[in-house]
Amino acid sequence: MEPEPHTQDSWLWSQLQASVDAVQFRKALRDVGDGGKRWPLWGHMGLHDIRQRYRRSMLGPFWITVSMGVMVTALGLLYGRIFKLDLQDYLPYLTAGFVIWGFIANLTTDGTRAFTGDEGFIRQIAAPLSIHAYRVVWSNLIILGHNVLIYLVVAVWFQVNPGWVLLLALPALCLLVLNGMWISLFFGLVSARFRDIPLIVSSLVQVVFFITPVIWKPAMLPERTLLVDANPFYHLVEVMRGPLLGHAPSWENWLGVAVITVIGWSITLLFYTAYRWRIAYWV
Amino acid sequence: MASIRLEHVTVAFPIYDAASRSLKKRLVSAAVGGEIQLEPGSTRLSVVQALDDVSLAFDHGDRVGLVGHNGAGKTTLLRVIAGIYEPVRGQVRVEGQTAPLFDITFGMDPESTGYENILLRGLFLGLERKAIRERAEEIAEFTELGRFLDLPLRTYSAGMRMRLAFAVSTSIEPDILLVDEGIGAGDAAFLAKANRRLQEFTGKAAIIVLASHSEQLICSMCDKAVLMQQGRVLATGDAEEVLRMYRELKAADLG
């Protein structure tokens, strides 16, 4: 990306200083709250996004399930061979990880288009801007729901019985959704201003996929490295993958996710306080 | 009681260098006529002054026409009142629920059926599902589209789409109605019907702000008017008077 000229930086910086005040902060919070209350709208829009994509196809949204199934089968057979792993153990691991990773990755890339994609709406009708972030999270949740079916098939096939630990997947999912909200708001906001961000994010997401333990296991590394423990995406994936596979996530995982949630929301609220009202001008 | 108060409202659009943002096209269309300035202390970032120190007050019962050249700031002003743009400087206080009628076909999906579109557009306008269901029959009846409402919108003609959009948009009862240009709708027979509905619809609104180039429309609908030029308010007052000034302004430009 071409570096921004200094003058623009200083403008943005002075905006940040000038507009972070209690009034704007309350407005930002109210925007997020009121946006949630408009669930009939974003609920409808999110569902609509999915239906739209698969309208008039025979399987409809279950194409999501099918393509995920094909993907994990192919990857599982290949990497199971490469890593010389027992498929009984490896395929459920890969499937669970891949499904959760898909949720986080898609959410991030869709998040960059949260505001620019709804530009017409934003400039036509005054509504809480967070609606667009809710819509992104919701439509990705629907996709996750379709993908989880593949995990069910694999789990039944290989007789994975997670037991009661499975219940931990629920709070884990709630945490992921909570993080999904700030990710959409934050990347949606910065992408509205800097149009290179979506391109950068989508290429970074691919890199992160390979350095995050999704197709490989942390145990395969000779020693625990920062690649695993300092990788926020590892914690985000593991906190839900663990319960799906039948082992509780470690306290480091919970802590990692909690830290990401707090830091992510803090930065997002800071930016959202300062620049929320500029979004209509930027899109 | 509905009211609109604007005090020293300034709206400026940043124009980013083409290298950092590929948005030239839209900004040009938003900027025609507005004053283009350089952001203080910057050599690359310029801003278009879309509204410059605008102070206005409208009260219950006001029917206001906005006149001025293209890009004089009419649409921006409507968007500020609607709450879409928050001003860079100045205060905006609006009492009452606003309903913008800028592009009434907005938010309609060609792949969805007529009924689905009634729901979609109703949700956009902030109605509850229940309220939309209650109104759906009345809306359907007004459009006279009959069984077409069960077919996807893409099978409709432009006029049919317009009927549907118009019927849904006018099914709400806002305190403040913001209209950008006149709402045209369909064939002559429908137009007469639409006019009646529009009168009923607008009759219920406490305040109407209408931006238009049509003097006839403003004469027939408004008692007050605001003349704008380059983002500034040149005159406000009695509609007849302001329109006369607008004509003089146009004549001066031509001569």
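**Strand β8 of chain B**

I began with the pairing of strand β4 (residues 63-68) of chain B, which in this predicted model runs parallel to β8(B) and is joined to that strand over four bridges. Looking for a single pair within this contact, I found that R63(B) has I208(B) as its bridge partner. I then turned to strand β7 (residues 176-180) of chain B, which also pairs with β8(B) in the parallel sense, here over five bridges, and I noted that L177(B) stands opposite I208(B).

Next I asked how many residues of β8(B), residues 207-211, are buried. Five of the five are, so I have written the strand down as largely enclosed by the rest of the structure. In a regular strand the side chains alternate between the two faces of the sheet. I therefore sorted the residues by side, keeping in mind that buried means under 20% relative accessible area: I207(B), V209(B) and A211(B) lie on one side, I208(B) and L210(B) lie on the other, and both faces are covered.

**Chain B as a whole**

For context I looked up the chain totals, and chain B has eight helices and 10 strands, with buried residues making up 53% of its 255 residues. Of the contacts in chain B between residues at least 6 apart in sequence, 73% join residues at least 24 apart. The chain exposes about 11,700 Å², and carbon and sulfur atoms supply 50% of that area.

**Helix α3 of chain A**

I then checked helix α3 (residues 39-54) of chain A, whose 16 residues reach 23 Å from the first C-alpha to the last, close to the 22 Å expected. Its buried residues include P40(A), L41(A), W42(A), G43(A) and H44(A), and further along I50(A) and Y54(A). Which elements do the buried residues of α3(A) pack against? In chain A they pack against α2 (22-37), α4 (62-82), α6 (119-124) and α7 (130-157), and in chain B against α3 (114-124) and α4 (129-143). Just after α3(A), I noted that R56(A) takes a positive phi of about 70°.

**Cavities**

Finally I looked for enclosed space and found four cavities of 30 Å³ or more in the structure, the second largest of which holds about 60 Å³. This second largest cavity is lined by F103(A), I104(A), L107(A), L176(A), N179(A), G180(A), I183(A) and L236(A). The elements giving two or more residues to that lining are α5 (87-111) and α8 (169-193) of chain A, and α8(A) gives the most, with four residues.

Definitions and conventions:
Residues numbered from 1 in each chain as written. Chains lettered and ligands numbered in written order. Predicted model: local features only at pLDDT ≥ 70, side-chain atom pairs only at ≥ 80, totals over all residues. Heavy atoms only, no water. Expected span 1.5 Å × (residues − 1). Buried < 20%, exposed > 50% of the residue type's maximum accessible area, 1.4 Å probe, protein only. Contact = heavy atoms within 4.5 Å. Pairing = 2+ DSSP bridges. Areas by Shrake-Rupley, 256 points an atom, 1.4 Å probe, with all protein chains shown as cover. 1 Å grid on protein atoms, 1.4 Å probe; cavity = no way out; pocket = protein on both sides within 12 Å on 5 of 7 lines; lining within 4 Å. Points joined across faces, edges and corners; volume = space filled by probe spheres on them.
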